[in-house]
Amino acid sequence: MKRAILTVKETKKDNNAGPKAKLDIEKFLVNNEFVKWNFTIEQKSILQKFKVAYLDIPSFFSHDQNKKIDEIFLQYPTYSKIVTKQLIKNLRKLHSKVFIIVHDVESLRLHYGEKNYIHEELDMLNLVDGLIVHNDEMAKWLKDNGINVPMESLEIFDYDNPNPLVDNDEYNKSVCFAGNLNKAGFLQSLSLKEAFLNIFGPNPAEKYGHNVSYQGQFSPEELSNHLNDNFGLVWDGTTPTTCDGIFGNYMKYNNPHKASLYLSSGIPVIIWRKAALSKFIEENNLGIVVDSLTELDEALSKMSLSRYEKLLKNVRDVSQKLRKGFFIEKAIQNLENKISEDK
């Protein structure tokens, strides 16, 4: 069977981790003998997007060698409606199964509660043969709101991480947080007494609370070389007491990529209890869940060395799976099985 992974890339490059999840999936699947198909868009140029949509895409699929594919996996979103629509339109003309690997559902993120947007996005997702979504919570929401094609949960994003595992055997109640600090307003309201929080990323505030320390900004490829803490924090919003706002609410449905960064580096996770990914963390004993960051001092002070060592062992085991693309390959196989059973 011949399969292709289709990724739309942007010309802009900087030190954010935005494209990494797509690039990692592409790499893992190409290593698994998938054909690689790419289109490149300039995010600020409407004219260039029209060129890709109406000239490059039809031209690409007019070649005979690009028609002889059994299954095509499109990484979604492409961050251009017109490009996405033309891709799906042209893909549906082929005698191929077309699947979407969902990285973000904008109806759950930037357009939460907007009925017209939700209707348009989900209608588009229903045009393909199946979806790979983040987790069961995302799948349930999509099904409840009108998705009727087969879905498979990824469980967690894989993470290509060639760096050595973190040396965090010494337990000192330290935590790291990586992300765009502009969107992490909760950090400015957080002070710790027993625990220590080291933060990484662009746009730091001028000042942080007690035991919260800014450690600089690094590329996604370099970052894990600078992490050596006992835990990695997955949190979003304006307050330490809960995850709020657009991105806090999104945690109820998505798999935050920073969790994969931590786990692939050998670092157990601290995550909000209401986050969809907290179930995976708890069931696999990969960290701790909390309702509020006000619990951090007590939770880390009570952590026994024997329990921490068990967490470390589990995390180091799962890190090897993340580094090899285990979860995307498993989700694809499960989705293919569902499709064949439905025939």
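**Notebook: a first look at the fold**

I began at the end of helix 8, where glycine 266 follows the helix with a positive phi, near 95°. I note here that I am working from a predicted model.

I then went back along helix 8 itself, which spans residues 257-265, and asked how many of its nine residues are buried. I found that eight of the nine are, and I therefore wrote the helix down as mostly covered, as buried means under 20% relative accessible area. The buried residues I listed for helix 8 are His257, Ala259, Ser260, Leu261, Tyr262, Leu263, Ser264 and Ser265.

Tyr262 led me on to the largest nonpolar core, which has 72 residues and in which Phe177, Leu197 and Tyr262 are the residues with the most contacts. I picked out phenylalanine 177 and looked up its partners, leaving aside neighbours within four places in sequence: it is in contact with Ala184, Phe186, Leu187, Leu197, Asn198, Ile199, Phe200, Leu233, Trp235, Lys258 and Tyr262. Apart from this core I found another, of 41 residues, with Leu74, Leu87, Val105 and Leu122 among them.

Next I turned to serine 80, which I located in the loop between strand 3 (71-76) and helix 3 (81-91). Is serine 80 buried or exposed? I recorded a relative accessible area of 6% for serine 80, and because buried means under 20%, this residue counts as buried. Setting aside its neighbours within four places in sequence, I found serine 80 in contact with Ile41 and Lys49.

After these details I stepped back to the whole protein, in which I counted twelve helices and twelve strands. The radius of gyration is 21 Å, close to the 20 Å that the globule rule gives for 343 residues, so I noted the protein as being as compact as a globular protein of that length. Along the principal axes, the C-alpha atoms fill a box of roughly 65 × 40 × 35 Å.

I also looked up how the chain packs against itself, and noted that 54% of the 343 residues count as buried. Among the contacts with a separation of 6 or more, 69% are accounted for by residues 24 or more positions apart.

My last entries concern surface and charge. The accessible surface of the protein comes to about 16000 Å², and 48% of that belongs to carbon and sulfur atoms. For the 44 positive and 46 negative charges, I noted mean positions that are 4 Å apart.

Key
Residues numbered from 1 in each chain as written. Predicted model: local features only at pLDDT ≥ 70, side-chain atom pairs only at ≥ 80, totals over all residues. Heavy atoms only, no water. Helix = DSSP H or I, 4+ residues; strand = E, 2+ residues; numbered from the N terminus. Rg over C-alpha atoms; globule rule 2.2 N^0.38 Å. Buried < 20%, exposed > 50% of the residue type's maximum accessible area, 1.4 Å probe, protein only. Contact = heavy atoms within 4.5 Å. Areas by Shrake-Rupley, 256 points an atom, 1.4 Å probe, with all protein chains shown as cover. Lys, Arg positive; Asp, Glu negative; His and termini not counted. Charge placed at Lys NZ, Arg CZ, Asp CG, Glu CD. Core = buried A, V, L, I, M, F, W, Y, C linked by side-chain atoms within 4.5 Å.
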